[in-house]
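Hello,

Please find the structure below, followed by notes on what was found in it.

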Amino acid sequence: MKNIQKNIEVRRFLEWSKIVRGKPIQIRLYELIYLELLELWLQLNKPPLRILIYETINSDDFDEKFIKGKIFQEYIDEILETPCEDKSGYYNPDSREILSKVNIKELYDVKYLMKSELNTVIMIDRYNAVYTFCRLYEEWCLKKKSEQIEDVTKKERFDVTKGLPIKISSQR
């Protein structure tokens, strides 16, 4: 993500996505797909969503990252690297949250469900799966951001903005 330094909106979003608290388990994995789209969006000079998703599902590494679940497993492994001292769960230093062992099991369950949704030879089904995961992520983000914008304690924060870099639901 070399081009990020030039785009303040993207920098703000990435900073916010790292530290935001209260992400549901499935949102944590949907976010990974959105971030991959965001990276490609910047590389391709901000194409329309339709082109962006087709480029993603037709990319050489789509199978490795999403169908085999490498990107999801890397995220889970990163969380597993920071166990709590009392063995009650795993600490996420960015958002300062603790994920329990039940949460980790849920991450694995969602990972397998997402992989099965993406593992189809029918391109329109792959497209719809990627679109749906990103739309659900966008809905959650917009709701969370609207709550934070109303919060006086977060009003002047650099990373709290109204929107996301890639508008999903407005581009179908």
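**Notes on the predicted model**

By class, 10 nonpolar, four polar and 10 charged residues make up the lining of the largest pocket. This is a predicted model, and the rest of the notes should be read with that in mind.

The volume of this largest pocket is about 630 Å³. Its lining consists of 24 residues, and those nearest the pocket's centre are Leu32, Leu35, Tyr75, Glu78 and Asp94. At least two lining residues come from each of helix 1, helix 2 (25–43), helix 5 (70–80) and strand 1 (89–92). Helix 2 gives the largest share, with six residues.

The second largest pocket holds about 160 Å³ of space. Among the residues that line this second pocket are Glu36, Glu39, Leu40 and Gln43, along with Lys65 and Phe66. Helix 2, helix 3 (49–57) and helix 4 (62–67) each contribute at least two residues to that lining. Again helix 2 has the largest share, here four residues. The classes in the second lining are two nonpolar, three polar and five charged residues. As background, empty space is found by rolling a probe the size of a water molecule over the atoms.

**The chain as a whole**

The protein chain has seven helices and two strands. In sequence order the pattern is α-α-α-α-α-β-β-α-α. The chain has 172 residues, and 45% of them count as buried.

**Aromatic rings**

There are nine aromatic pairs in the structure. One of them joins tryptophan 16 and tryptophan 140, whose ring centres are 6.2 Å apart; the pair counts as tilted because the planes meet at 40°, which falls between the cut-offs of 30 degrees for stacked and 60 for edge-to-face. Tryptophan 16 is in helix 1 (residues 8–19) and tryptophan 140 in helix 7 (residues 123–150), so this tilted pair links distant parts of the chain, 124 residues apart. Are these two tryptophans, 16 and 140, buried or exposed? Both tryptophan 16 and tryptophan 140 are buried.

The two also belong to a cluster, in which ring pairs link Phe13, Trp16, Tyr34, Tyr137 and Trp140. In addition, lysine 145 lies over the face of tryptophan 16, and its distance from the ring centre is 4.4 Å.

**A buried glutamate**

Glutamate 97 belongs to strand 2 (residues 97–100). Its relative accessibility is 15%, so glutamate 97 counts as buried, the limit being under 20%. Which side chains does the side chain of glutamate 97 contact? One is that of arginine 28, in a polar contact of 3.0 Å. Another is that of serine 95, in a polar contact of 2.8 Å.

**Two residues with positive phi**

Most residues other than glycine have a negative phi. Lysine 46 has a phi near 60°, which is a positive value in a residue other than glycine. Lysine 46 sits in the loop between helix 2 and helix 3, and its relative accessible area of 43% makes lysine 46 partly exposed.

Arginine 96 also has a positive phi, near 55°, and is likewise a residue other than glycine. The loop between strand 1 and strand 2 contains arginine 96. With 48% relative accessibility, arginine 96 counts as partly exposed.

Regards

Technical notes
Residues are numbered from 1 along each chain as its sequence is written. This is a predicted model: local features need pLDDT of at least 70, side-chain atom pairs count only at pLDDT 80 or more; totals for chains, interfaces and linings use all residues. Side-chain values use heavy atoms; hydrogens and water are left out. Rings of Phe, Tyr and Trp (its six-membered ring) pair if their centres lie within 6.5 Å; planes under 30 degrees apart count as stacked, over 60 as edge-to-face and the rest as tilted. Buried means under 20% relative accessible area, exposed over 50%, partly exposed in between (1.4 Å probe, protein chains only). A charge sits over a ring if NZ of Lys or CZ of Arg is within 6 Å of the ring centre and within 35 degrees of the ring normal. On a 1 Å grid over the protein atoms alone, a cavity is a set of points where a 1.4 Å probe fits but cannot get out, and a pocket is an open set with protein on both sides within 12 Å along at least five of seven lines; lining residues have an atom within 4 Å of a point. Grid points are joined across faces, edges and corners, and a volume is the space filled by probe spheres set on the points. Ala, Val, Leu, Ile, Met, Phe, Trp, Tyr, Cys and Pro count as nonpolar, Asp, Glu, Lys and Arg as charged, and the others, Gly among them, as polar. A polar contact is a pair of N or O atoms within 3.5 Å; within protein, one must be able to donate a hydrogen and the other to accept it, and residues adjacent in sequence count only if both atoms are side-chain atoms.
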